[in-house]
Amino acid sequence: MRKLFGDCGRRPALHLRLQFAISRFAWLAAVLFAVTLASAAEVPQDPKQRGSVIGVIDGVPIHEGAVRVGPAAREAEVEALRPRQECLMLNRLLWDAVRDKEVKRRGLFISDEEAEAARRKALESVETRAAFERSRNMMIAEIAALDAINTGTDPEEAYRLHVAQSGMSHSVWESNLAQAVDPSYLPGLKTGIQTMTLDRMVGGVDRYKGSNALRKRLARIIDAELAAGDARFAAGLATNPQGPGNPDYDYMDNRRLAWWTERTRKMDVIIYDQRLAKQCPISDGQVRLDAIPK
């Protein structure tokens, strides 16, 4: 049996197995939108490097700023959202770590020429332009909603009046509302919308050599490996079924999830903070902790 308390001075540590229990489609939407906002607003500091170390994932420190949701001016309105957001962020750290570990294990890389070609393709893509407009409209709607809340409008009413028609899901709105307790969040959005351009959203060559590009390459490799041993997956890969609810799409999605879940279980995760460890999960859509001491 593994020891429950790590060798971390006098701080108690829980060794945990974290698994992906978030509604996959809501989670991906939330992450993609958050990445767009961060890119547009140019968050001045990487949150992964802020604050004290509250745990490790396979030896890589988890900094408090990567997980914590700060104090709120409207405490009663966001208190219920705080644990959810912290668990979402913790879960994302785990999945980022396991993907990056797999990229390194396989020795994957992207050349400068490949990165520049990918960037040009993204700039010229109709889908990229459509995504840019959607993201911009969502930012405008969110700014209007947060301004309304600051003048006394109920958050649910603000979502209905300003945000729902932009296409932002309620789960993404809740996630962003939890982040908006940070006093710099709304000013950051307002600055971001003024400087947001297609070129900036697409990013430079380094972005196409970075972790996201490598993860996409890894995803294609894993799909090929799954298809080699699974005729139904191979058929789906050939026909590219679209959308949740399509049986072939869901089958492929679940096969991919099973592949990754197996690898998350091999990650060594230590959380020093007892409260953070015990609050996840609190409902479906959170990090699941297999075993927490009573």
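**Notebook: helix H3, its salt bridges and its packing**

I began with a pair inside one helix: Asp-96 and Arg-99 both belong to helix H3, 3 residues apart, or about one turn of the helix. The model I am reading is a predicted one.

**Entry 1. The pair within H3**

I looked up the distance between the two side chains. Asp-96 and Arg-99 form a salt bridge, with 2.8 Å between the closest N and O atoms. I then checked their burial, for which the cut-off is under 20% relative accessible area. Asp-96 has 7% relative accessibility and therefore counts as buried. Arg-99, with a relative accessible area of 18%, is buried as well.

I next asked which residues are linked with this pair in a network of salt bridges. The network consists of Arg-92, Asp-96, Arg-99, Asp-100 and Arg-215.

**Entry 2. H3 against H11**

Arg-215 led me to helix H11, as this residue is part of the contact between H3 and H11. I noted that the axes of H3 and H11 come within 10 Å and cross at roughly 75 degrees. Angles of 65 to 115 degrees count as roughly perpendicular, and H3 and H11 are therefore roughly perpendicular to each other. On the H3 side, I listed Asp-96, Arg-99, Asp-100, Glu-102, Val-103 and Arg-106 as the contact residues. On the H11 side, I listed Ser-211, Leu-214, Arg-215, Leu-218, Ile-221, Ile-222 and Glu-225. By class, I recorded 5 nonpolar, 1 polar and 7 charged residues in this contact.

**Entry 3. H3 against H7**

I then turned to a second partner of H3 (residues 81-106), namely helix H7 (residues 170-179). Their axes come within 9 Å and cross at roughly 100 degrees. That angle makes H3 roughly perpendicular to H7. H3 contributes Leu-81, Arg-84 and Gln-85 to the contact. From H7 come Ser-171, Glu-174, Ser-175, Leu-177, Ala-178 and Gln-179. I recorded the classes for this contact as 3 nonpolar, 4 polar and 2 charged residues.

**Entry 4. Salt bridges between separate elements**

I looked for pairs that join other parts of the chain. Asp-147 forms a salt bridge with Lys-190, and their closest N and O atoms are 3.1 Å apart. Asp-147 is in helix H5 (residues 126-150) and Lys-190 in helix H8 (residues 185-195), so the pair ties together parts that are 43 residues apart in sequence. I checked exposure here too: Asp-147 counts as partly exposed at 29% relative accessibility, and Lys-190 is partly exposed at 35%.

Another salt bridge joins the side chains of Arg-255 and Asp-230, at 2.8 Å from N to O. Arg-255 lies in helix H13 (residues 247-264), while Asp-230 sits in the loop between helix H11 (211-228) and helix H12 (231-239); the two residues are 25 apart, and the pair links distant parts of the chain. Arg-255 is partly exposed, with a relative accessible area of 26%, whereas Asp-230 counts as buried at 10% relative accessibility.

**Entry 5. The whole chain**

I closed with the totals. How many salt bridges does a search of the whole structure find? I noted 19 salt bridges. The protein chain has 14 helices and 6 strands. Of its 294 residues, 43% are buried. Among contacts between residues at least 6 apart in sequence, I found that 72% join residues at least 24 apart. The protein chain exposes about 15,700 Å², of which carbon and sulfur atoms supply 56%.

Terms used: Residues are numbered from 1 along each chain as its sequence is written. This is a predicted model: local features need pLDDT of at least 70, side-chain atom pairs count only at pLDDT 80 or more; totals for chains, interfaces and linings use all residues. Side-chain values use heavy atoms; hydrogens and water are left out. Axes are lines fitted to C-alpha atoms, for helices over the stretch in contact, and angles run from 0 to 180 degrees between N-to-C directions. Helices (H or I, at least four residues) and strands (E, at least two) are DSSP runs, numbered from the N terminus. Angles under 35 degrees count as roughly parallel, over 145 as roughly antiparallel, 65 to 115 as roughly perpendicular and the rest as oblique. Contact means heavy atoms within 4.5 Å. Ala, Val, Leu, Ile, Met, Phe, Trp, Tyr, Cys and Pro count as nonpolar, Asp, Glu, Lys and Arg as charged, and the others, Gly among them, as polar. A salt bridge is a side-chain nitrogen of Lys or Arg within 4 Å of a carboxyl oxygen of Asp or Glu. Buried means under 20% relative accessible area, exposed over 50%, partly exposed in between (1.4 Å probe, protein chains only). Accessible areas come from the Shrake-Rupley method with a 1.4 Å probe; for residues, only the protein chains shown count as cover.
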